[in-house]
Amino acid sequence: MQLRAAVLRRRREAAEAALAARREAEAAEEALVMDRPTALPKNDQGDVWAQKERAGRLPGADPGVWKSTAPFRGPFATSIPDTRNSACRRAPLSEFTRGVPGGGQLAHFSVVIPYHREALLTMGMTIKSILANSPAALLDEIIFVDDDNRDPALKQQLLRYPKVRVVSTARRIGLIAAKNLGASEVRSAVVIFLESHVQTNVFWAEYLLARLAACPACVVLPVTDIIDDTTLAYNMGGDGVRGGFGWDLTFKWISNPPPEAHYRVPQPLATPAMSGGLLAMTMKEWDRLGHYDGRMEVWGGENVEMSLRVWRCGGRVEIIPCSRVGHVYRSPKNYQKWKDNFPYSFPKGAGVTVEHNNARLAKVWLEEPFLQRYYRRAPNSARMNLDVRGRLALKRRLQCKSMRWYLKNVYPELGQQK
Ligand SMILES: [Mn+2]
């Protein structure tokens, strides 16, 4: 009788221990999932929007660029549809961190967002979705780089939100330099670059961080969902869409299915290039790889340059299909009357500036005969007097692989074009 009682007790203790272990595992997962959101300021129920309406314009924005007629429907973050593939929704988050060194611990991160003549409407939407959909314990800061904006009220509005810091430039430095400046302020292990008119979806950061924990040399991108610039309706972007470019070095989306027939969501999808606005990487890699080319101006070319540099200097560029970020695509009809047909200005003109940047990247990263393929499409580039010695030294120091290697192993479709 005594023996039987002892057996029962041991059995009960074992069952309780197993239950406790399971509860602990569940609590850990729960903590990962439930540690959100960062609370918004108390009176933030559309007051920003109301102020905009009272003023009769969108503070900070170029008049005419933003023509939103969307009625205010409460905090934006709550109205984002979950656009993840069902394969993402079925798998618990812990599945994405399984086997990751350090017991699946995700790194702390900061978000860097440059802005130039952006609307408070869209910036508020960006901030609220980040605060609502990021793990509060891991999100350190949202660092805005205020690149020559003339409305100080806008900066004050941004600073009302928790975790927001604004770094202002003394004069216009352009998007590329602004990203370098913002990243130089990051004190977290991971930097995530976003644009100032986006909405981050559920667990957007965790999926990126989980992949970075497993692949620290990766640069990872969320899938870009599509937000209508008039209605602000959030729509699902395509799964399996990759980034590429032609010999003119202009970025384009490649919508044909990925070459690996065995590819399945939620696996990371290798992509030859990134569109440039939304990306995450460890600060260690950011520093090792030498940031953006500081001599590129305003906007353009830096995304293709970084894609070539990452792939050829020891890293990978991957789209993480479960991480989704909606981006407001501005319709040209709303800004086509503006100089250069861009929603913001290029002091030297858009065409000249983008070609200057492309010419720099070509001179550094395209060895012959590929450089000539680019020059045939952009003859002015061949005549430009460019000092790329610093970037060539970086390429040598990192012992980067050749363009031929990249065409063979990463982007064979481009190699087939003459
Ligand atoms: Mn954009």
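Which residues in helix 10 are buried? In this report we will work towards the whole protein from that one helix. The model is a predicted one, where local features need pLDDT of at least 70, side-chain atom pairs count only at pLDDT 80 or more, and totals for chains, interfaces and linings use all residues. Residues are numbered from 1 along each chain as its sequence is written.

**Helix 10 and its partner**

The buried residues of helix 10 are Glu302, Asn303, Val304, Glu305, Met306, Ser307, Leu308, Arg309, Val310, Trp311 and Arg312. Here, buried means that 20 or more other C-beta atoms lie within 10 Å of a residue's own, exposed means 12 or fewer, and partly exposed is in between, with C-beta atoms placed from the backbone. Because 11 of the 11 residues of helix 10 are buried, the helix is largely enclosed by the rest of the structure. After helix 10 comes glycine 314, with a positive phi near 105°.

Helix 10 (residues 302–312) has a neighbour, helix 11 (residues 350–365): their axes come within 9 Å and cross at roughly 15°. Axes are lines fitted to C-alpha atoms, for helices over the stretch in contact, and angles run from 0 to 180 degrees between N-to-C directions. The two helices are therefore roughly parallel to each other, a label for angles under 35 degrees (over 145 is roughly antiparallel, 65 to 115 roughly perpendicular and the rest oblique). On the helix 10 side, Glu302, Val304, Glu305 and Leu308 meet Asn357, Leu361 and Trp365 of helix 11. Four of the residues in this contact are nonpolar, one is polar and two are charged. For this count, Ala, Val, Leu, Ile, Met, Phe, Trp, Tyr, Cys and Pro are nonpolar, Asp, Glu, Lys and Arg are charged, and the others, Gly among them, are polar.

**The wider fold**

The protein has 16 helices and 12 strands; helices (H or I, at least four residues) and strands (E, at least two) are DSSP runs, numbered from the N terminus. Of its 418 residues, 41% are buried. The largest nonpolar core has 87 residues, and Ile192, Leu208 and Leu209 have the most contacts inside it. Such a core is a set of buried Ala, Val, Leu, Ile, Met, Phe, Trp, Tyr and Cys residues joined through C-beta atoms within 7 Å. A second, separate core of five residues includes Ile80, Ile227, Leu232 and Val328.

**Cysteine 322**

Cysteine 322 sits in strand 12 (residues 316–329) and counts as buried because it has 27 C-beta neighbours inside 10 Å. Apart from neighbours within four places in sequence, cysteine 322 is in contact with Arg84, Asn85, Cys88, Tyr207 and Pro266, where contact means C-beta atoms, placed from the backbone, within 7 Å.

**Backbone details in loops**

Proline 266, one of those contacts, follows a cis peptide bond from valine 265, with omega near 10°. The peptide bond from glutamate 368 to proline 369 is also cis, with omega near 10°. Two residues other than glycine have a positive phi:

| Residue | Phi | Loop |
|---|---|---|
| Valine 298 | near 55° | between helix 9 (283–288) and helix 10 |
| Glutamine 399 | near 50° | between helix 14 (389–397) and helix 15 (403–409) |

Are these two residues buried or exposed? Valine 298 counts as buried because it has 26 C-beta neighbours inside 10 Å, whereas glutamine 399 is exposed, with 9 other C-beta atoms within 10 Å.

Definitions and conventions. Two residues are in contact if their C-beta atoms, placed from the backbone, lie within 7 Å.
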